[in-house]
Amino acid sequence: MDPLSIDPTSPEPPFAQLRAMIAGRAASGELEPGEKLPTVRALAAQVGLAVNTVARVYRELEADGVVVTEGRRGTFVASTSASAGAGLGGDVQEEAARYAAAARRAGLSRSEAGRLLDDAW
C-alpha cells in the first residue's frame with residue numbers, strides 16, 4: 001500500500017481523512033481484495049495518529065464491509081464476495097454499505113441517514 005498522509009490544514013478531522021482514504025482506495029481498486037493492510041501500530045506511526053484512532057478506523061471500515069480482520073493474521077481488504085450479504089442481492093448490500101459510509105463521512109446520525117432513505121423511498 002502506498003503511504004497515506006493526513007492533511008493538517010484540512011477542515012476534515014484526521015480520523016475521517018484516513019477512513020475516506022482507505023475506503024476510496026479500496027473502492028477504486030488501488031487496494032486489491034485480499035491485500036493486507038499495515039498493522040494498527042504501523043499505520044498510526046506512518047500517519048501520526050494515535051493507535052486507538054487507527055483501530056477505530058479499521059473497526060468502522062470492517063463494519064462497512066470494506067476490510068476484514070482475521071485476528072492475529074491482520075486486516076485485509078474485503079473481497080466483493082465477502083461483502084455480499086446473506087439473503088440480499090450483492091448490489092443492494094454494496095450500495096447500502098456505500099450509503100452508510102457516505103452518511104458517516106458527511107457527519108449524519110443514523111436517524112438522519114434513515115430519514116433521507118425514507119424520503120427517497
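Accessible areas here come from the Shrake-Rupley method with a 1.4 Å probe. On that footing, the protein, a predicted model, exposes about 7600 Å², and carbon and sulfur atoms supply 54% of this area. Buried residues make up 28% of the 121 residues. The fold contains five helices and two strands, and from the N terminus on the order of these elements is α-α-α-β-β-α-α. Among the contacts with a separation of 6 or more, 50% are made by residues 24 or more positions apart.

A good place to begin a tour is helix α1, which covers residues 14-28. At 1.5 Å a residue, the 15 residues of α1 should span 21 Å, and the end C-alpha atoms are indeed 21 Å apart, so expectation and model agree. The buried residues of α1 are Phe15, Ala16, Gln17, Leu18, Arg19, Ile22, Ala23 and Arg25. An α-helix has 3.6 residues a turn, so residues three or four places apart point the same way. After α1 comes glycine 29, with a positive phi near 90°.

Three of these buried residues repay a closer look. Leucine 18, located in helix α1, has a relative accessible area of 0% and therefore counts as buried. Setting aside residues up to four places away in sequence, leucine 18 touches Leu4, Ile6, Leu43, Val47, Leu49, Val54 and Val57. One of these partners, valine 47, is 29 residues from leucine 18 along the chain, and their C-alpha atoms are separated by 8.5 Å.

Arginine 19 also belongs to helix α1. With a relative accessible area of 4%, arginine 19 falls under the 20% limit and so is buried. Its contacts, not counting residues up to four places away in sequence, are Val57, Glu60, Leu61, Asp64, Ala101, Arg104 and Arg105.

Arginine 25 is a further member of helix α1. Its relative accessibility is 15%, and because buried means under 20%, arginine 25 counts as buried. Beyond its neighbours within four places in sequence, arginine 25 is in contact with Met1, Asp2, Pro3, Leu4, Glu30 and Leu31.

One of those partners, proline 3, leads to the segment before α1. Proline 3 has a relative accessible area of 63%, over the 50% limit, and is therefore exposed. Leaving aside its neighbours within four places in sequence, proline 3 contacts Arg25 and Gln46. Valine 47 appears here again: proline 3 and valine 47 are 44 residues apart in sequence, with 8.4 Å from C-alpha to C-alpha.

Helix α3 spans residues 51-63, and its 13 residues should extend over 18 Å at 1.5 Å a residue; the end C-alpha atoms are 18 Å apart, which agrees. The buried residues of α3 are Val54, Ala55, Val57, Tyr58, Glu60 and Leu61. Val54 and Val57 are among the residues touched by leucine 18, while Val57, Glu60 and Leu61 are among those touched by arginine 19. Glycine 65 follows α3 and has a positive phi, near 80°.

Attention now turns to the pockets. Rolling a probe the size of a water molecule over the atoms shows where empty space is left. The largest pocket has a volume of about 820 Å³. Its lining comprises 33 residues, of which Asp64, Val66, Glu94, Ala97 and Arg98 are the closest to the centre. The elements giving two or more residues to this lining are α1, α4 (90-105) and α5 (110-120). Helix α4 provides the largest share, eleven residues. By class, the lining of the largest pocket holds 18 nonpolar, eight polar and seven charged residues.

The second largest pocket has a volume of about 170 Å³. Its lining is formed by Lys36, Leu37, Pro38, Thr39, Val40, Tyr58, Thr69, Gly71, Arg72, Arg73, Gly74 and Thr75. These residues divide into four nonpolar, five polar and three charged. Tyr58, one of the residues lining the second largest pocket, is also listed among the buried residues of α3. Asp64, for its part, is among the residues closest to the centre of the largest pocket and is one of the contacts of arginine 19.

Terms used. Residues are numbered from 1 along each chain as its sequence is written. This is a predicted model: local features need pLDDT of at least 70, side-chain atom pairs count only at pLDDT 80 or more; totals for chains, interfaces and linings use all residues. Side-chain values use heavy atoms; hydrogens and water are left out. Helices (H or I, at least four residues) and strands (E, at least two) are DSSP runs, numbered from the N terminus. Buried means under 20% relative accessible area, exposed over 50%, partly exposed in between (1.4 Å probe, protein chains only). Contact means heavy atoms within 4.5 Å. On a 1 Å grid over the protein atoms alone, a cavity is a set of points where a 1.4 Å probe fits but cannot get out, and a pocket is an open set with protein on both sides within 12 Å along at least five of seven lines; lining residues have an atom within 4 Å of a point. Grid points are joined across faces, edges and corners, and a volume is the space filled by probe spheres set on the points. Ala, Val, Leu, Ile, Met, Phe, Trp, Tyr, Cys and Pro count as nonpolar, Asp, Glu, Lys and Arg as charged, and the others, Gly among them, as polar. The expected span of a helix is 1.5 Å times one less than its number of residues.
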